[in-house]
Amino acid sequence: MMFSFQNPSAFYLLLLIPVLFILRKLKIFTKITFPAVLSDWNGKSFEWKEPSRKFFSAAGNLLLLIAFLTMVAAFADPKITHQEKIYTTLGTDVVFVVDTSPSMAAKDVNGGNRLEAAKKTIRELLVLQDGFRYGVVALGSQASVLVPPTSDKSVFNKRLEELQVGFLGNGSAIGDGLSTAVCHLASSSAPKRCIILLTDGENNSGEIHPETAANLAKANKIKIFVVGIGTKGSVPIEYTDPVTGRLYAGYLDSNFNSDSLQKIAALSEGRYFEARTTEELLSTLSVVAKTESVAQSFTYRSSEQLYYDKFLLVAVILFVVSWILKRVLLNETV
């Protein structure tokens, strides 16, 4: 975004201010007076105490000056230019498979729960890494695709925000989640495709074994990067079941098996990471994005917003307010 003026020579009009001051000092140019005041019709004139009169008089002069400056800026034709990067070739397609089982409500990632930390970090990655298409698959006792790979970040973020702890049941169908992601990436024509699994548990639900899904991903040349979120040990947990509305609170014995998660990544020729803080999580996702990025062609599209009419409207309003203060209220000449 860039702010500029299409007619900057209009600012030479500002020279009228010192010229007018000099002419008045030399008594060559005197104030223009207008006879139209309330007292001309035998109306009752306002009476001001000296401090109040000085204040409103100074305010009127200041408004008059600002109005003149705003009018000059309007004549300079202000505009804001927006530049948008448009990619002309495909980049990498990424599908996040996000665990929404109750254990993701454990509050051990920078004081917040694991799911909210994952969502926050994903949004940050979208800002840092442009040119990718992103999708989301949620997994619980079953798996569901929320949004297939898309370059529309507003749609992606809206669907990502819908993720809630427990809204797909109390299990972790990791195999179903991975196979769902593979199905949405298999037909993609992107030069690189990958899955980022964000979980804190083991596969304990669903119909497809995670290793079967990993082999399916490898067969389709899709890498799986697995991120184990959270710390191990006793951690506080609190969440409201979105189905029943019941509040659950207590402590979770967090001790997920990292060996099974490492094997999933290895089978698909991906990598396994562990993240205990949002900083580690963002660093991990950034490493994956850098590893899977590809060279892309792009161009820039420019759009302009003109503000001449808005500046002029403000100037007119300020002139009117100044005139009311000085002529109507104070009975001064301009």
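**Exercise 1. Determine how Tyr248 and its aromatic partner are arranged, and state the burial class of each ring residue.**

Solution.
Step 1. In this predicted model, Tyr248 has a relative accessible area of 31%. Buried requires under 20% and exposed over 50%, so Tyr248 is partly exposed.
Step 2. Tyr248 pairs with Tyr239, with 5.3 Å from centre to centre and 15° between the planes. Planes under 30 degrees apart count as stacked, and the pair is accordingly stacked.
Step 3. Tyr239 has a relative accessible area of 12%, and is therefore buried.

**Exercise 2. Classify the ring pair of Phe96 and Phe156, and locate it in the fold.**

Solution.
Step 1. A search of the whole structure yields seven aromatic pairs. In one of them, the ring centres of Phe96 and Phe156 are 6.3 Å apart.
Step 2. The planes of these two rings make an angle of 55°, so the pair is tilted.
Step 3. Phe96 belongs to strand β3 and Phe156 to helix α4; the pair therefore ties together parts that lie 60 residues apart in sequence.
Step 4. Both residues are assessed for burial. Phe96 is buried, at a relative accessible area of 0%, and Phe156 is buried as well, at 1%.
Step 5. Ring pairs join Phe96 and Phe156 with Phe132 and Tyr134 in a cluster.

**Exercise 3. Describe the open sheet of six strands, and the helix α4 that packs on it.**

Solution.
Step 1. The strand order is β7-β6-β3-β8-β9-β12, and the pairing is mixed.
Step 2. The edges are formed by β7 (143-150) and β12 (272-275), each of which pairs on one side only.
Step 3. On average, and with direction ignored, neighbouring strands of the sheet are turned by 15° against each other.
Step 4. Helix α4 (residues 153-161) packs on the sheet and touches β3 (92-99), β6 (133-139) and β7. The direction of α4 makes about 165° with that of β7.
Step 5. Within the sheet, β8 (residues 192-199) and β9 (residues 223-229) run parallel and are joined by six bridges. Leu197 has Val226 in β9 as its bridge partner.

**Exercise 4. Explain why Cys194 forms no disulfide, and contrast the burial of Cys194 and Cys183.**

Solution.
Step 1. The structure holds zero disulfides.
Step 2. For Cys194, the closest cysteine sulfur is that of Cys183, at 16 Å. A disulfide requires sulfur atoms within 2.5 Å, so the separation of 16 Å is too far for a bond.
Step 3. From the side of Cys183, the nearest cysteine sulfur is that of Cys194.
Step 4. Cys194 is buried, with a relative accessible area of 1%, whereas Cys183 counts as exposed at 53%.

**Exercise 5. Characterise the surroundings of Leu285.**

Solution.
Step 1. Leu285 is located in helix α8 (residues 278-292).
Step 2. The relative accessible area of Leu285 is 1%, and this residue is therefore buried.
Step 3. With residues up to four places away in sequence not counted, Leu285 touches Phe96, Thr121, Ile122, Leu125, Ile196 and Leu198.
Step 4. One of these contacts, Ile122, is 163 residues from Leu285 along the chain, yet their C-alpha atoms are separated by 7.9 Å.
Step 5. Another contact of Leu285 is Phe96, the residue of strand β3 treated in Exercise 2.

Methods:
Residues are numbered from 1 along each chain as its sequence is written. This is a predicted model: local features need pLDDT of at least 70, side-chain atom pairs count only at pLDDT 80 or more; totals for chains, interfaces and linings use all residues. Side-chain values use heavy atoms; hydrogens and water are left out. Two strands pair if DSSP finds at least two bridges between them. Helices (H or I, at least four residues) and strands (E, at least two) are DSSP runs, numbered from the N terminus. Axes are lines fitted to C-alpha atoms, for helices over the stretch in contact, and angles run from 0 to 180 degrees between N-to-C directions. Contact means heavy atoms within 4.5 Å. Buried means under 20% relative accessible area, exposed over 50%, partly exposed in between (1.4 Å probe, protein chains only). Rings of Phe, Tyr and Trp (its six-membered ring) pair if their centres lie within 6.5 Å; planes under 30 degrees apart count as stacked, over 60 as edge-to-face and the rest as tilted.
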